[in-house]
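You asked for a short note to help you find your way around this structure. The points below can be read with the model open beside them.

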Amino acid sequence: MPSQHPTILVVEDERAIVELVSFALKAAGWEVVAVHNTAGAWQYLQQQRPQVMLLDWMLPDQSGLRLLSRIRSDRQFNSLPVIMLTAKSMEEDKVAGLDHGADDYITKPFSPRELVARIKALIRRKEPEHAELEMRLGPVALDPVSFRVKVDDQPIEMGHAEFKLLKFLIAHPERVFSRSQLLDKVWGDHAVLEERTVDVHVLRLRKALGNADYLVKTVRSVGYMLSEK
Ligand code: CA
């Protein structure tokens, strides 16, 4: 099971702020990658997917707002959680940031504690499957921190792919997802997997769930869902 912590991408050219933010985020359990301009951020995003991006407004090559527009118009990144980090506190700037697709906005100077709280709130809002709370459906309990799954309070074993699939489905119960949606949401856009792969993982997931296998429903000619009904 992976032990890797989720990463926060910090796009900020002021060294003191980078240090302050990095320290606070690492203390809260995240990996931090800092880049100093929008080109660096774009380059990073081609390789990796951060859990959240903190984006400064005023950057040396172009404005954070320009990068934000580029990200939001790209299907691959349009759901990436972004918090604008800026010295601007004018109401119209705030509106401009949110108009361009920022999920939240934090004005400098801010306390590291407030920043961490805002990031956690954003993750809960955008990606319930990444919240650090145990998720339950019927007899199944999944702990996203320890990567443990239990059925009727008994620990069960499953592969990493099945764990990711279950984590996604349990965060969105009673909703049908097509195979291509699951590929996209569970394995990411970069995955070079065929839709049939989803069927294989669903099969393995059902097997791993044992008595709770009935929760994974096949919805004919649509896809799969997790449901107690
Ligand atoms: Ca700046």
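The numbered points go from the overall layout to single sites.

1. Status of the model. This is a predicted model, and the points that follow should be read with that in mind.

2. Domains. The domain assignment of the protein gives two parts: domain 1 covers 7-126 and domain 2 covers 135-226. Their C-alpha centres lie 31 Å apart.

3. Calcium site. Which residues coordinate the calcium ion? Asp 13 and Asp 56 do so through OD atoms, and Met 58 through its O atom, at 2.1 to 2.3 Å. Along the chain these donors follow the spacing D-x42-D-x1-M. The two aspartates come from distant parts of the chain, 43 residues apart: Asp 13 sits in the loop between strand S1 (7-11) and helix H1 (15-27), while Asp 56 belongs to strand S3 (residues 52-56).

4. Exposure of the two aspartates. Are Asp 13 and Asp 56 buried or exposed? Asp 56 has a relative accessibility of 2% and therefore counts as buried. Asp 13 is at 34%, so this residue counts as partly exposed. The cut-off behind these labels is that buried means under 20% relative accessible area and exposed means over 50%, with partly exposed in between.

5. Lys 108 and Glu 12. The structure holds 10 salt bridges. One of them joins the side chains of Lys 108 and Glu 12, at 3.0 Å from N to O. The partners are 96 residues apart and link distant parts of the chain: Lys 108 is in the loop between strand S5 (104-107) and helix H5 (112-126), and Glu 12 is in the loop between S1 and H1. Both are buried: Lys 108 has a relative accessible area of 14%, and Glu 12 has one of 0%.

6. Lys 108 and Glu 14. Which other residue forms a salt bridge with Lys 108? The partner is Glu 14, with the closest N and O atoms 3.1 Å apart. This pair also links distant parts of the chain, since Lys 108 lies in the loop between S5 and H5 and Glu 14 in the loop between S1 and H1, 94 residues apart. Glu 14 has a relative accessible area of 39% and is therefore partly exposed.

7. Asp 103 and Arg 72. A further salt bridge joins Asp 103 to Arg 72, the closest N and O atoms being 3.0 Å apart. Asp 103 lies in the loop between helix H4 (91-99) and S5, and Arg 72 lies in helix H3 (residues 64-72), so the pair ties together parts that are 31 residues apart in sequence. Arg 72 counts as buried, at 18% relative accessibility.

8. A shared network. Which residues do salt bridges with shared partners join into one network? They are Glu 12, Glu 14, Asp 56 and Lys 108. Asp 56 is also one of the residues that coordinate the calcium ion.

9. Surroundings of Asp 103. Leaving aside residues up to four places away in sequence, Asp 103 touches Arg 72, Leu 80, Pro 81, Val 82, Leu 98, Leu 122, Arg 125 and Lys 126. With Arg 72 there is a polar contact between the two side chains, at 3.0 Å.

10. Hairpin of S7 and S8. Strand S7 (residues 140-143) pairs with S8 in the antiparallel sense over four bridges. Asp 143 has Arg 148 in S8 as its bridge partner. Four residues lie between the strands of this hairpin, and Phe 147 takes a positive phi near 60°.

11. Hairpin of S8 and S9. S8 also pairs with strand S9 (residues 154-156) in the antiparallel sense, over three bridges. The bridge partner of Val 149 in S9 is Ile 156. This hairpin has two residues between the strands, and Asp 152 takes a positive phi near 50°.

12. Two faces of S8. In a regular strand the side chains alternate between the two faces of the sheet. Which residues of strand S8 (residues 148-151) point to the buried face? Val 149 and Val 151 do, whereas Arg 148 and Lys 150 point to the other face and are not buried.

13. Asn 211. Asn 211 lies in the loop between helix H8 (195-209) and strand S11 (216-219). With a relative accessible area of 67%, Asn 211 is exposed. The C-alpha atoms of Asn 211 and Ile 83 are separated by 42 Å, and the two residues are 128 residues apart along the chain.

Methods:
Residues numbered from 1 in each chain as written. Predicted model: local features only at pLDDT ≥ 70, side-chain atom pairs only at ≥ 80, totals over all residues. Heavy atoms only, no water. Donors = N, O, S within 2.8 Å, 3.2 Å for Na, K, Ca; no water. Buried < 20%, exposed > 50% of the residue type's maximum accessible area, 1.4 Å probe, protein only. Pairing = 2+ DSSP bridges. Salt bridge = Lys/Arg side-chain N within 4 Å of Asp/Glu carboxyl O. Domains from an automatic or database assignment. Polar contact = N/O pair within 3.5 Å; in protein donor to acceptor, adjacent residues only side chain to side chain. Contact = heavy atoms within 4.5 Å.
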